[in-house]
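Got your viewer open? Let's take a walk through this one, a stop at a time.

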Amino acid sequence: MRDVHRLEPISANLGSDTVLAAWERFVQGEDHALGVRPLVAISWHRCREQYRVDPHLTEAPVAVAELDHTPEQDVVFAELGFRAASVAHEVGSIGGVVTITDATGRILAEWGDQATLARAGDSNLAPWFCWSECAVGTNGMGTALEAHGPVQIRGAEHWCQAFHDWACAGIAVRDVVTREPLAVLNIGCWRSRLPASTESWLANTATMTQSPLKRRARDSGAELVAAYTQARARSSTALAAVDTAGKVVIADDMASVLLGVPANTPAVCPTLRWNPGLPELIAAARYATGQAAHNPDWVGSTQIFAHLADEPTSISIRPVFSSGHLIGNLISFGASDGAQLPQAEGSAHPRVPPRRLVATRDNRMVLLRLPEVSFAESQGNDVWLSTDQGRLRAVSLSLDKLDSELADAGFLRVHRRYVVNLSRIREIERGLRGELSLVMDDRTNEMVPVSRRNAPAVRRALDI
């Protein structure tokens, strides 16, 4: 952000008349936010329908104290603090402020122009106050927690009218394993535009801040493989090692069949780990994480529906630690050691199928009923939906997340890049080598490939 000091603050009407008029109509109950960027319109919907934030709120509430920080959060806070302090003078020279929040949106520290900091205090834009979307609506810090990549919110794009004189941009630094936010770095200006370099600086800062997290995650992956190898020598049951997000780092021959992943293939790097597509396993792994945080000796058991199994399979979950830090779990199949996971807590995040899927077309949001969607495809950094209204970009930035949300609604992961609506399959085509392709019931009868590891699940789902 070297060119920040060259840019003078620009007095401007931060919210265009179009956005302001759309905001006025939307807070009065209109559903379409014409002329508003999709990211902002979707945030407005969350603020009004889900969080029910008063658009006439004038100040942020006091934050609720967060639980003890993880080592990853401590690393991120220290790194972001150093980088924020280093750029504080340049940001202050244009009348701006720099803030850091934790994963709940609570401001931990701020730097910048003293006059702007004093003005920010009028709205509680200050340490120990909460700026999540559910607290104050659309804003740079809170909306960054809900999105991936830099988020810029200008003028009337803020949900609360009291903040329409601000322009801000934030980015969430996320855990490289779970993809959950750890902290947010934000830059804000009052009645002036942000420098053009702001978003690129934020993105670069987030990337550099995540570098030590990636190294730590690779080291943890290697340690998890070592723990698996030691346990494998003492165990006669099917065994796998999963990280704290429930993704598979390594599995033996039998466990690989049950999980639908390659056998004996270590996936140390967090971006290469296998997603088994078993929501119950993910819920169990997350429950184990919470239990192990309070009791390192905890061992639990439950039942899940594994691939190629018509009946629930018993599993035992044993947490794995490295230097006192939880790095994952060993999963033993056919075992029932340890405390039984309570049903209510084992599914603490029940997968309630969304009534609508949200997609975007130009500057409009499109609300889709599930039967309208033929399949979802991951392409680069985007997820695309093949629908009765054509090909639309989904709001969801992750096919894994979409797969989890739709698993109970008749959708199935058939390939690492595809999730299909089972009710929209017209034909099944078998290739020369036995590979399967699905001919979808849509306007163009598009064909979706089925990967070999997902073929058994497809046959079971279609009873073929």
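The tour starts with confidence and then visits two sheets.

Before selecting anything, remember that this is a predicted model. Colour the chain by pLDDT: the mean is 87, and 92% of the residues reach 70 or more. Now pick residues 1-12, where pLDDT stays under 50 and the model has 28 contacts beyond four places in sequence. Residues 344-353 are also below 50, with 13 contacts beyond near neighbours in sequence. Where pLDDT is low, don't read the predicted coordinates in detail.

Next, the sheet with six strands. It is open, runs in the order 7-6-10-9-8-11, and has mixed pairing. Select 248-251 and 339-340 to light up its edges, strand 7 and strand 11, each pairing on one side only. Add residues 239-242: that's strand 6, antiparallel to strand 7 and joined to it by three bridges. Zoom in on A240 and you'll find A251 of strand 7 opposite. Then show residues 198-234, helix 7, which packs on this sheet and touches strands 6, 7, 9 and 10. Its direction makes about 35° with that of strand 10.

Now for the other sheet: seven strands, open and antiparallel, in the order 13-12-16-15-14-18-17. Select 364-369 and 411-415: strand 13 and strand 17 each have a single partner strand, so one side of each lacks a neighbour in the sheet. Neighbouring strands here are turned by 35° on average, direction ignored. Residues 382-387 and 390-394 are strands 15 and 16, joined by four bridges; look for T387 with its bridge partner G390. Last stop, residues 399-406: helix 11 packs on the sheet, touching strand 12 and strand 17 among others.

Note on methods:
Residues numbered from 1 in each chain as written. Predicted model: local features only at pLDDT ≥ 70, side-chain atom pairs only at ≥ 80, totals over all residues. Heavy atoms only, no water. Pairing = 2+ DSSP bridges. Helix = DSSP H or I, 4+ residues; strand = E, 2+ residues; numbered from the N terminus. Contact = heavy atoms within 4.5 Å. Axes fitted to C-alpha atoms, helices over the stretch in contact; angles between N-to-C directions. pLDDT = per-residue confidence, 0-100.
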